[in-house]
Amino acid sequence: MNRLAVIFFCLFSLDQVVGQVSYTIPEEMVKGSLIGNIARDLGLETKRLISGKARIYTQDSDEYIELNRDRGVLLVKERIDRETLCRQTTPCALHFQVILENPMEFYSVTVQITDINDNAPMFEENKVEFKISESAVIGSKFVLERAVDLDVGINDLKRYELKPTDNFSLKLHNKADGKKIVEMVLQKPLDREKQEQISLVLTAVDGGEPQMSGTMQIDITVLDANDNAPVFTQPTYKATVIENSPKGTVVTTVTASDADQGSNGKVTYSITNRLDDVRKLFIVNKDNGEITLIGNIDFEQSRHFEVDVRASDDGGLTDSCKVMIDVQDVNDNKPEINIMSKSNVISEDAELNTVVTMINIVDKDTGENGKVQCSIGETVPFALKSSTNNFYSLVTDSDLDRERASDYNITVTCSDEGVPSLSSSVTLTLQISDVNDNPPVFERSSYEAYIVENNTPGLSIFTVKATDSDWNQNARVSYILEDSSVNGVPVSSYVSVSADSGVIHAVRSFDYEQIKDFQFRVKAQDGGSPPLSSNVTVKIMIQDQNDNAPQVLYPVQTGGSLVAEMVPRSADVGYLVTKVVAVDVDSGQNAWLSYKLQKATDRALFEVGLQNGEVRTIRQVTDKDAVKQRLTVIVEDNGQPSRSATVIVNVAVADSFPEVLSEFTDFTHDKEYNENLTFYLVLALAVVSFLFITCVVVIISVKIYRWRQSRILYHSNLPVIPYYPPRYSDTLGTGTLPHVYNYEVCRTTDSRKSDCKFGRAGSQNVLIMDPSSTGTMQRIQSEKSILDEPDSPLEV
């Protein structure tokens, strides 16, 4: 088996490579026979065929050739019969394309099928009869049926043989198309009386090796004389018929005449074509020679017909002519759009001129009716480019953006140039795959949130939200708390961010009095590779809660000394006794303070300013008023719920210190008694413990002994009046405590006398009583040292 491979390569403006390879093989090769090494002939490696998923694309439904990608060769897939495939057409060839992907390429392949002598010449009928008058003149011609050999070339029909040749000889005439007219010529007069029936054998022989032949028997009946044969007006008629003409259309009329009279002059017409479709498409009226269409004419199947018409008289004489019928094409076929290769998905970052789909266009019409133009009507980022004749490639024409359009429905319309124009279209659906080209975007440029102090750790504060216009994993947003510090402390100890939902949680309980607001940054990061991110600033503001009670700054509540405010009995209405000073570390209305008199020895004597806490008299002080006045003032804030604090204000209603001392002594003794009682309870507990722990008892005994010694040295009934408090101004200008006194007291343990010095009066009368003192002290307003007066009444 000989094969011829001829390779042609052409480069075009597109990315794909187009080439042409041609092979020649004989018909009837067994299945699996080798045609050629396509990989070697195209200059490709076998692994390219495998990686490119090489395949054969053909417009026909029957596939005779297969591609072995592993070996890189073309093989016979089905038995090829040249006569079935091409009939009499030469040369006979199979045309197909080899398609490769990644990148897309295609190569045109032509496999030419050569003929072998596998068909013998055939006559449509094995037997034919003639009726010939005995008066037929020498040289009379009788047209015989032509044999048909399906083979072509050297294997086609070559010659005819007629036996025996006693009365007739064989004559052949060549036509313009190379076919032969077979005629039987009378070369010896017939004599019915000698031989009424004559039998001949016509043999057709081809030129193949080995030669093959076919035979037809000719039976001749000799009739009485009919010496004039029918004669056609012309040997060849020409006619034209439009394809798709309706049945019954008259194509043309042939005419023959016979000089005889009577039955010998009556001409009968018939079509003598054999082994083709002529008699299925045309019929001749036997009486008038009118040729009529009886079938469907398709230009794309047959463009030309030859009709052999025979005219016969009743005497058996005949004549023949040929009718050449040309079929005129009409635009009756739409362009056929064949998808050779197609990508369903393309990345949005694909480069320009990336081949998406390769298309082959076929229009079976000819001329202007077969010229096709294709286009895409929509405004899409794609273009349709012609690579070779009737081959188009759909390529990217501009940048793709999946976020703007995630898919495209591209309609390719192909129209021919016939009148009227016919068109066909196909819609290509193309998905755009995503790449990570969009960072997450927060809904706001910055966030502010509020949280009430004393919150529960883990409380959800609010949610930040970011969206990513990408798709799937590239659009999956994670939230990350960026590293920063608040007052030197990592922000992660204040808040946390849920990576999936963006919910911000409080890590600790906030205290408005320690921190009022802070800010941090949250990063939103997508799941692409590499990931993209964006940041946003979040500000958290702590809202105050009424969690702090007011704190009283003045008067100071001491555990040992008693502070009393002195009010002279001559004080008028509105006399400023003292001022309660308090603060609240909360803010806003939680720090708005109000002052109320909760309890008092005499409610009718004092009042407290609601806003300023000033304690004033509300009536004239009389002699009947008790010297010792005890006021309980409540300081309350404006929070919800409100919080409060109380302070006890001791007021001495007297004009002199001795009067005050005599009244407050009993009070101090009661207090001393309560403290002594506590002491003995502790001592009793220590004694009980002594029974169990000897060593501890010894230590406690030593401490008790030392403590008792210190008490003996410390014991004194002389009151102590230290310096207190700081000056403050009288806002109404009617206060009665305008002086401040500074005292120094020096005492001895045996004489119970003290050295005392005091400075200039300071506009404040404050009496401080030592609970251990049992004596009284009169107020002395003199800058002179008390030691310089020997008769000073300081000794009790």
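# Exercises on a predicted model

Two bridges join strand β3 (residues 34–36) to β6, and the two run antiparallel. The model is predicted. The exercises start from this strand pair.

**Exercise 1. Find which strands flank β6, and state whether its faces are covered or open.**

Step 1. Take the β3 side. G36 stands opposite L74 in β6.

Step 2. Take β5 (residues 65–68). Four bridges join β5 to β6, again in the antiparallel sense. Here N68 stands opposite V73.

Step 3. Look at the connection. β5 and β6 form a hairpin with four residues between them. G72 sits in the turn and has a positive phi of about 75°.

Step 4. Check the faces of β6 (residues 73–76). V73 and L75 are on one side, L74 and V76 on the other. These four residues are buried, so both faces count as covered.

**Exercise 2. Work out the strand order of the open sheet that holds β37, and name its edges.**

Step 1. Write the order: β34-β43-β42-β37. That is four strands with mixed pairing.

Step 2. Identify the edges. β34 (446–452) and β37 (477–481) each have a single partner strand, so one side of each is left without a neighbour in the sheet.

Step 3. Add the twist. Neighbouring strands of this sheet are turned by 30° against each other on average, direction ignored.

Step 4. Detail one pair. β37 and β42 (residues 517–526) are antiparallel over five bridges. In β42, Q525 is the bridge partner of S478.

**Exercise 3. Take the salt bridge of R279 and E124, and determine how many residues apart in sequence the joined parts are.**

Step 1. Check the distance. The side chains of R279 and E124 meet at 2.7 Å, N to O. The cut-off is 4 Å, so the pair qualifies.

Step 2. Place the partners. R279 lies in helix α4 (residues 278–281), and E124 in the loop between β8 (105–114) and β9 (127–133), so the pair ties together parts that are 155 residues apart in sequence.

Step 3. Classify exposure. R279 has 36% relative accessibility and counts as partly exposed. E124, at 29%, is partly exposed too.

**Exercise 4. Treat D602 and R619 in the manner of Exercise 3.**

Step 1. Their side chains meet in a salt bridge of 2.8 Å, N to O.

Step 2. D602 lies in the loop between β48 (593–600) and β49 (606–608), and R619 in the loop between β50 (614–617) and β51 (628–637), so parts 17 residues apart in sequence are tied together.

Step 3. R619 is partly exposed, with a relative accessible area of 23%.

Step 4. Set the pair in context. The structure holds 23 salt bridges. R82, E83 and D115 are linked in a network of such bridges.

**Exercise 5. Locate I693 and describe the nonpolar surface patch it belongs to.**

Step 1. I693 is in the loop between α5 (657–690) and α6 (694–714).

Step 2. Its relative accessibility is 39%. Partly exposed covers the range between 20% and 50%, so I693 falls in that class.

Step 3. V688, L691, F692, I693 and V696 make the patch, with an area of about 510 Å².

**Exercise 6. Summarise the whole protein chain.**

Step 1. Count elements: six helices and 55 strands.

Step 2. Assess burial. Of the 796 residues, 43% count as buried.

Step 3. Give the surface. The accessible area comes to about 41900 Å², and 49% of that belongs to carbon and sulfur atoms.

Step 4. Check contact range. Among contacts with a separation of 6 or more, 67% come from residues 24 or more positions apart.

Methods
Residues numbered from 1 in each chain as written. Predicted model: local features only at pLDDT ≥ 70, side-chain atom pairs only at ≥ 80, totals over all residues. Heavy atoms only, no water. Pairing = 2+ DSSP bridges. Axes fitted to C-alpha atoms, helices over the stretch in contact; angles between N-to-C directions. Patch = residues over 30% accessible without salt bridge, like charges linked within 9 Å, V, L, I, M, F, W, Y side chains within 5 Å. Areas by Shrake-Rupley, 256 points an atom, 1.4 Å probe, with all protein chains shown as cover. Buried < 20%, exposed > 50% of the residue type's maximum accessible area, 1.4 Å probe, protein only. Contact = heavy atoms within 4.5 Å.
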